[in-house]
Amino acid sequence: MTDYAMEQEMEIEALESILMNDMKEVDGQGPDGLDVDSRCFIITVAPKDEDEDEPTEIPVRLALVFAHTPNYPDEPPLIKLRSIRGVREKDLKSMHQRLGEEIGENLGMSMMFTLAQSAKEMLRAIVCGEADTSGVVNEDGKTAAQEAEERRKEAARKAGTPVTKETWAAWFDRFNAEGLLAKAKLSIGAEIAKKSRPSGRMFFENRTAAMEGKEELDEEDFQLDSDLEDDDLLDEFLEENDLDGMAAAQKSFANQVCESSDSD
């Protein structure tokens, strides 16, 4: 039969000899405790080793509060994370989730030093901006990757498209092409309307044919093909027409616009 009390006492002695001043015992019922009757301890976690400089101007510190359960290590310990200085609430939640997974992987053996080291590495990653929280879901139901993508899209929307010689020339070509296409459509429509207007004789003959029960003139012969969208017509126009003639006129103007933008 496993002597859980002895095993827990041996772990506490080992932790005190390794962590020294970074570990202390607190009242389990106190504000820093876990509301338990058993012994309760706090391990102060820093994102650096003793011989390293602070990675941030203001030192960041985390408290790992724990207490052994009766059958520890064959059952999970009680743990809580709280910020001593500079740790955000959402980071505490993601770290607690990761530590919970590690507890499940280490059942059956003493694990508090392992958990303290894992908390240290996660805190270091968070402070250095390298936290792997891609799978952690926040309060809005979004992962860190989704939040980052939304921020990227919002920044791109606010920044808009930078004005360069190439983007200006491409926009100006399309602008002119759209104008020419619109004029062409109006011209074609007017020509078709002119051709489809019946003469007096045709009007009389058509009216007579209708009265005699003959088929009416098929008006679809005089309608524009509406299957093509404006964008398709514009693309066809751009492909079939060489815009080099207007490119020369645009080039000097585009250079002036870009030079003016650079000087600002």
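Reader: Where is His68 found?

Author: His68 is found in the loop between S3 and S4, where the letters S and H stand for strands and helices, which are DSSP runs numbered from the N terminus (E of at least two residues for a strand, H or I of at least four for a helix). Before we go on, note that this is a predicted model, in which local features need pLDDT of at least 70 and side-chain atom pairs count only at pLDDT 80 or more, while totals for chains, interfaces and linings use all residues. Residues are numbered from 1 along each chain as its sequence is written, and side-chain values use heavy atoms, with hydrogens and water left out.

Reader: Is His68 buried or exposed?

Author: The words have fixed limits: buried means under 20% relative accessible area, exposed means over 50%, and partly exposed lies in between, computed with a 1.4 Å probe on protein chains only. His68 counts as buried because its relative accessibility is 11%.

Reader: Which residues is His68 in contact with, leaving aside neighbours within four places in sequence?

Author: Contact means heavy atoms within 4.5 Å, and on that basis His68 is in contact with Gln8, Glu11, Ile12, Ser38, Arg39 and Met112. Ser38 stands 30 residues away from His68 along the chain, yet their C-alpha atoms are separated by 7.3 Å. For the chain as a whole, 59% of the contacts between residues at least 6 apart in sequence join residues at least 24 apart.

Reader: How many helices and strands does the chain have?

Author: There are 8 helices and 4 strands, and along the sequence they follow the pattern α-β-β-β-β-α-α-α-α-α-α-α. The chain has 264 residues, of which 27% count as buried.

Reader: How far apart should the ends of helix H2 be?

Author: The expected span of a helix is 1.5 Å times one less than its number of residues. Helix H2 (residues 89-105) has 17 residues and should therefore span 24 Å, which agrees with the 25 Å between its end C-alpha atoms. H3 has 16 residues and reaches 22 Å from its first C-alpha to its last, close to the 22 Å expected.

Reader: Which residues of H2 are buried?

Author: A general idea helps first: an α-helix has 3.6 residues a turn, so residues three or four places apart point the same way. In H2 the buried residues are Asp91, Leu92, Ser94, Met95, Leu99, Glu102 and Ile103, and they pack against strand S3 (61-67), strand S4 (78-85) and helix H3 (112-127). The buried residues of H3 include Met112, Leu115, Ala119 and Leu123, and among the elements covering the buried residues of H3 are H1, S2 and H2.

Reader: How many residues does the largest nonpolar core have?

Author: In soluble globular proteins, nonpolar side chains tend to be buried together. A nonpolar core is a set of buried Ala, Val, Leu, Ile, Met, Phe, Trp, Tyr and Cys residues joined through side-chain atoms within 4.5 Å. The largest one here has 27 residues, and those with the most contacts inside it are Leu64 and Phe66. H1, S2, S3, S4, H2 and H3 each supply at least two residues of this core, and the largest share, 7 residues, comes from H3. A second, separate core has 8 residues, including Val26, Leu34, Ile42 and Ala63.

Reader: Where does a residue other than glycine have a positive phi near 55°?

Author: Most residues other than glycine have a negative phi, and most peptide bonds are trans. Met20 has a positive phi near 55°; Met20 lies in the loop between H1 and strand S1 (23-26) and is exposed, with a relative accessible area of 56%. Asp35, with a positive phi near 60°, is found in the loop between S1 and S2 and counts as exposed at 59% relative accessibility.

Reader: Which peptide bond is cis?

Author: The bond from Tyr72 to Pro73 is cis, with omega near 15°, and Pro73 lies in the loop between S3 and S4, which is also where His68 is found.
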